[in-house]
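Visitor: I should like to go through this structure step by step, with the reasoning given for each answer. May we begin once it is displayed?

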Amino acid sequence: QVQLVESGGGLVQPGGSLRLSCAASGRTFSGYAMGWFRQAPGKEREFVAGIRWSGGSTRYADSVTGRFTISRDFAKNTVYLQMISLKPEDTAVYYCASTNSRAALRVGVPIMTYEYDYWGQGTQVTVSS
């Protein structure tokens with residue numbers, strides 16, 4: 001069983017930055033993909049960014065491309081989401097997720113919530129002046 005714990009959320013002014021962390025433990029494999037999703041009040045959970053653990057290929061939602069960067073640290077078993085130029089519309093609970101589904105990983109980085117098997121508890125990001 002894979003366990004994921006997010007941290008780094010908080011309150012920030014528009015234009016500010018935050019760095020989210022997701023520490024993984026338990027049964028993990030090099031074939032896994034890691035993803036960040038977010039969910040705002042009254043909206044569906046949406047894909048933000050993802051990365052293949054071994055290959056390092058990445059994928060981003062159009063709304064965050066150029067502002068967010070996903071990366072991973074092999075030694076610390078941790079994936080990061082560096083967020084800059086934050087906007088009020090970025091306000092949401094951010095979730096870390098992982099998957100080892102052969103079908104989902106066949107063509108790259110999965111982007112659908114149902115393609116991911118394990119989820120963290122979420123961390124709140126609020127962008128407001």
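Visitor: In which loop does Asn77 lie?

Guide: The model is a predicted one. Strand S7 covers residues 68–73 and strand S8 covers 78–83. Asn77 belongs to the loop between S7 and S8.

Visitor: What is the phi of Asn77, and is the residue buried or exposed?

Guide: Most residues other than glycine have a negative phi. Asn77 is not a glycine, yet its phi is positive, at about 50 degrees. Because the range between 20% and 50% relative accessible area counts as partly exposed, Asn77, at 30%, is partly exposed.

Visitor: Where does Ser85 lie, and what is its relative accessibility?

Guide: Ser85 also has a positive phi of about 50 degrees without being a glycine. The residue is placed in the loop between S8 and strand S9, the latter spanning 92–99. Ser85 counts as partly exposed, its relative accessibility being 37%.

Visitor: How many aromatic pairs does the structure hold, and what is the geometry of Phe37 and Tyr116?

Guide: The structure holds five aromatic pairs. In the pair of Phe37 and Tyr116, the ring centres are 5.2 Å apart and the planes stand at 80 degrees. Since planes over 60 degrees apart count as edge-to-face, the geometry of Phe37 and Tyr116 is edge-to-face.

Visitor: How many residues apart are Phe37 and Tyr116?

Guide: Phe37 is in strand S4 (residues 33–39), whereas Tyr116 is in the loop between helix H1 (102–105) and strand S10 (118–119). Both Phe37 and Tyr116 are buried. The pair links distant parts of the chain, its members being 79 residues apart.

Visitor: Which residues form one aromatic cluster with Phe37 and Tyr116, and which residue lies over the face of Trp119?

Guide: Phe47 and Trp119 join Phe37 and Tyr116 in one aromatic cluster. A charged side chain lies over the face of Tyr95, at 3.8 Å from the ring centre. That side chain also lies over the face of Trp119, at 5.0 Å from the ring centre, and it belongs to Arg45.

Visitor: What is the radius of gyration of the protein?

Guide: The protein contains one helix and 11 strands, and its C-alpha atoms fill a box of roughly 45 × 25 × 25 Å along the principal axes. For 129 residues, a compact globule would have a radius of gyration near 14 Å. The value for the protein agrees with this, at 14 Å.

Visitor: What share of the contacts joins residues at least 24 apart?

Guide: The contacts considered are those between residues at least 6 apart in sequence. Of these, the share joining residues at least 24 apart is 58%.

How values were computed
Residues numbered from 1 in each chain as written. Predicted model: local features only at pLDDT ≥ 70, side-chain atom pairs only at ≥ 80, totals over all residues. Heavy atoms only, no water. Helix = DSSP H or I, 4+ residues; strand = E, 2+ residues; numbered from the N terminus. Buried < 20%, exposed > 50% of the residue type's maximum accessible area, 1.4 Å probe, protein only. Phe/Tyr/Trp six-rings, centres within 6.5 Å; stacked < 30°, edge-to-face > 60°. Lys NZ or Arg CZ within 6 Å of the ring centre and 35° of its normal. Rg over C-alpha atoms; globule rule 2.2 N^0.38 Å. Contact = heavy atoms within 4.5 Å.
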